Amino acid sequence: METKPATDKEKNTGKKRNFFEWFKYKWSNEPLFSTAIALVVMVILQTLVLGFDYDSVGSWFQAWTNNWINILRNNAGVAIVALGMTLVIMTGGIDLAVGSTLVATGAFTMVLLDTGNRGLLGIMGMTGIPAFIVTILLVMALGYLLGSLIGVTITKGKVPPFIATLGAMMIFRSVTQHFMQGYNTTVPTEFLQIASFKIGNVMIMPIIYWAVIAYILYYVSKRTTFGRQIIAVGSNERAARLSGVNVNKVKLRVYALMGLLVSIAAIIQVSRIGSMDFSNAGRGMEMDAIAAAVVGGTSMSGGRGFIMGTVYGMLIIAVMNNLLNLFGVPPFLREAFKGFIVICAVLLQKKQQDS
Amino acid sequence: MAWQSYSLSFNQRCGSDFMIIEMKNIKKSFGSNNVLKDVSLSMKGGEICALLGENGAGKSTLMNILGGVHQMDSGSIIVDEKQVEFNTPVDSQKTGIAFIHQELNLINDLPIYENMFLGRELKTKRGSLDLEKMFDETEKMFKRMNVDLDPNKMVRELDSSYKQIVEICRAMMTDASIIIMDEPTTSLTDQEIERVFNMMKTLKNHNVGIIFISHKLNEVMTICDRYLVLRDGNLVAEGAISDVTTKDLARFMVGHDVRTEPLLREKKLGEEILRVEGLTYKHNFKDIHFSIRAGEILGVTGLLGDGRSELFQSIFGADGISSGKIYLNGKQVKISSTTEAISKGIAYLPRNRKENAIIKDMNIRENASIVTWPKFSNRGIINTQKHEETFDEHRKVLHLKMGKMTDNITSLSGGNQQKVVLAKWLAAEPKLLILDNPTQGVDVGAKEDIYDIILKLAAEKIAVVVLSSEAHEIIRVCDRTLVMYHGVIQGEVSGEEMNEHNIMSLATGGQLT
């Protein structure tokens, strides 16, 4: 009796009798399969819409790749945040403060590096590469600190994550805006190289950062004590605690990591644009990050989540935006499509889980 | 109001031989498990009748049939001299039977008077709630029942006894003639119990019949008129309370012939592993003293609300401790988290596997290794191979039946899930293993496997604590048993003294004789 489900599965996986059965098995048993299929379908659609109206295969490929590099680069920042958000949601929490943390850490970058005469490091006589390295480290430390603050509020203060991060969202942005009044800041042009350094004449750095971070987090979530404890805490907090998992420590570290990732996104954004609009940058970022995670199969109630799923989810949303652009859908309507995709994705996952 | 719906006049119902309810030849089985084998009972109005029996004797099934929750396989129910058939709880309520469950059905954030009319709210002609009328009716009912409560109060502000009373009054609103009370006093203080008993006396004067399910024999002696004892699905004894003592009742519940041979042999015990002195935490337990030595199997038993799980969860660092000392290997320790407890060699297998032990989003291997992740990892990176080897070793010993290690934990049966949880604690190589209801929801074969493991661990000089509500299980595996009653250790039994009579008598608040 007990072993029956297992043998059934083995029957299905071991010998794929035909494509349809294999597909059906994958569809209902592998959580990321449907997401990947959706992504493939969208990419095919996008390719078709782009058309083949080019002189040669070479120039078609050139245009296709350029389009893709644009998509990836434009989404790298929020994509990195979405990866952290996935871990946060996997613990059963949420972080609404990512946009404001982005602004706060971005502002700190400016304060340190301002090209006017007010840059802190400049005043201390530090310029060039050493100044950049110190800046990056300090900004990441600030991100980690802000994340930890949120984490402490949630774990020690027992404030629900939604409330704690809602509060932090308002505080961080408001404080930043107040202190950054009148700062008309720009960072040194050399700093822009962080994002716009070209490899083979392509601006590819943000994509590389995204890929590296995605790989590291994928590995962390699959293979490390910390990563697996995240799932344990999100799936059954009580059982995790009774198994000796330090639940508070896990949660605290997840929010701190989230802050750290946001600060990296902030550095990328500042170095791409050279400045930051403190009242608008990062607004709605939390929702985009949550959307990517959810489309990628992460469950809002915790315990279930996939780093790779979030990468797919981000790509699906990005490709869809690109498609809407190509189709010439009016800008105000685009959000509606995003909402539609998110709801569809969850409906699809519910169906799979029920079957 | 609904008073007219009485089918019989008050005088008729008061007649001395009039049975307000009769259940005849009730049989019920779940699958191959015969829970009720031909049970018949009857009761009169104005009578408080105790329904007694061990866990699994069939009490709740019988009452669920009367409450319309379950349907009987055969038999008949006669209410007010009319044969009735209950398909849903509503059918049962309509004939005047009210079932007050242990978990009360009140909405904390509504005032009392709205709770009284939950689901059958009074409306004005325009369709809005007629709050005034509901308030007045509640007030009238409270006056009739001698209840001193303000109907405007929020249910949240009431203590458990008043919540019970509100539920009873609500039942009376629907003209209940029989009230079933399922262990109403387990979570109450003495003073609150007094309050509920007074309420029951008032009901008695209103000629309502009460079926009182309780494990507390002293209470049964004080409040009840008659007793009915179920054992293994049979009605084994009934009669007037005035003719019996608590000891008689305990004997009826357990029966003479139930005796499982203890599995233990003579053995040598090692050093003292754990000693606690004067341990107290809130109302959960108070002034607990005991010790356990290496290789010893200590049983801790009691009935619902005895505080044994809370006690050992506190020792494991999952809850707090208000006062008292814990000594491990002779040294005083402070354990403030489960992580710390594990590093000190304590393992705790919790009760209620689904809520407390199983992580359903993880596969079998991970569920079996969560405790040892930190131990078998190199700079935070989990050594999967090491886990698989350890798990392989334990699953053979445990006779664990499963498919692949990467199958989801929920693909296993309850018994095998429990073995996975046990395997995870074995991997931690504890010196003190606390097993809370280790055979809960586990079939007979798996139970024996678990007993074997317990004995084997003790032979390896591990101190094992077995918490269980089943006395025969305790007798079977344990060297010595502490019996708890309402957060205190009521007594300790070992050897010949460790029998079901003594355990039952201590667990119901009595003394050894």
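In this predicted model, strand β3 (residues 48-52) of chain B pairs with β8(B) in the parallel sense over 4 bridges. Strand β7 (residues 178-182) of chain B also pairs with β8(B), in the parallel sense over 5 bridges. Chain A contacts chain B, with 26 residues of chain A meeting 34 residues of chain B. The points below treat β8(B), two open sheets of chain B, the nonpolar core, the interface between the chains, and the annotated segments of chain A.

**Strand β8 of chain B and its partners**

- Within the pairing of β3(B) and β8(B), Ala50(B) has Phe212(B) as its bridge partner.
- On the β7(B) side, Ile180(B) stands opposite Ile211(B) of β8(B).
- Strand β8(B) spans residues 209-213, and 5 of its 5 residues are buried.
- In a regular strand, side chains alternate between the two faces of the sheet.
- In β8(B), both faces are covered: one side carries Gly209(B), Ile211(B) and Ile213(B), the other Ile210(B) and Phe212(B), and all of these residues are buried.

**The four-stranded sheet of chain B and helix α2**

- An open sheet of 4 strands in chain B follows the order β2-β1-β4-β5, with antiparallel pairing.
- Its edge strands are β2 (33-44) and β5 (82-84) of chain B, each of which pairs on one side only.
- On average, and with direction ignored, neighbouring strands of this sheet are turned by 25 degrees against each other.
- Strands β1 (residues 19-30) and β4 (residues 74-79) of chain B run antiparallel and are joined by 5 bridges; Lys24(B) has Ser76(B) in β4(B) as its bridge partner.
- Helix α2 (residues 59-66) of chain B packs on this sheet, where it touches β1, β2 and β4 of chain B, and its direction makes about 120 degrees with that of β1(B).
- Helix α2(B) is mostly covered, with 7 of its 8 residues buried.
- The buried residues of α2(B) are Lys59(B), Ser60(B), Thr61(B), Leu62(B), Met63(B), Ile65(B) and Leu66(B).
- Just after α2(B), Gly68(B) adopts a positive phi of about 80 degrees.

**The six-stranded sheet of chain B and helix α18**

- A second open sheet in chain B has 6 strands in the order β16-β19-β20-β13-β21-β22, and its pairing is mixed.
- The edge strands here are β16 (346-349) and β22 (488-494) of chain B, each pairing on one side only.
- Neighbouring strands of this sheet are turned by 20 degrees against each other on average, direction ignored.
- Strand β21 (residues 480-485) of chain B pairs with β22(B) in the antiparallel sense over 6 bridges, and Thr481(B) has Val493(B) of β22(B) as its bridge partner.
- Helix α18 (residues 500-507) of chain B lies across β13 (297-302), β21 and β22 of chain B and runs at about 30 degrees to β21(B).
- Gly495(B) sits in the loop between β22 and α18 of chain B.
- Gly495(B) is exposed because 9 other C-beta atoms lie within 10 Å, and the cut-off for an exposed residue is 12 or fewer.
- Gly495(B) and Asp80(B) lie 415 residues apart in sequence and 51 Å apart in space, C-alpha to C-alpha.

**The nonpolar core**

- The largest nonpolar core comprises 248 residues, and those with the most contacts inside it are Val81(A), Ile179(B), Ile180(B), Phe212(B) and Val464(B).
- Helix α13 (residues 247-273) of chain A gives the most to this core, with 15 residues.
- With neighbours within four places in sequence left aside, Val464(B) is in contact with Ile297(B), Leu433(B), Leu435(B), Ile454(B), Leu457(B) and Ala458(B).

**The interface between chains A and B**

- The contact involves 34 residues of chain B and 26 residues of chain A.
- On the side of chain B that touches chain A, at least two residues each come from α11 (338-343), α12 (353-356), β18 (381-382) and α15 (414-427) of chain B.
- Helix α11(B) gives the most to this side, with 3 residues.
- By class, this side of chain B has 16 nonpolar, 10 polar and 8 charged residues.

**Annotated segments of chain A**

- An unreviewed UniProt entry annotates "transmembrane region" in chain A over several stretches, including residues 96-113 and 252-270.
- Residues 96-113 of chain A are 89% helix and 0% strand, with the end C-alpha atoms 28 Å apart.
- Residues 252-270 of chain A are 100% helix and 0% strand, with the end C-alpha atoms 27 Å apart.

Definitions and conventions. Residues numbered from 1 in each chain as written. Chains lettered and ligands numbered in written order. Predicted model: local features only at pLDDT ≥ 70, side-chain atom pairs only at ≥ 80, totals over all residues. Pairing = 2+ DSSP bridges. Axes fitted to C-alpha atoms, helices over the stretch in contact; angles between N-to-C directions. Contact = placed C-beta atoms within 7 Å. Core = buried A, V, L, I, M, F, W, Y, C linked by C-beta atoms within 7 Å. Buried ≥ 20, exposed ≤ 12 C-beta atoms within 10 Å, placed from the backbone. Nonpolar A, V, L, I, M, F, W, Y, C, P; charged D, E, K, R; others polar. UniProt positions renumbered as here; feature names shortened; annotations may be inferred.
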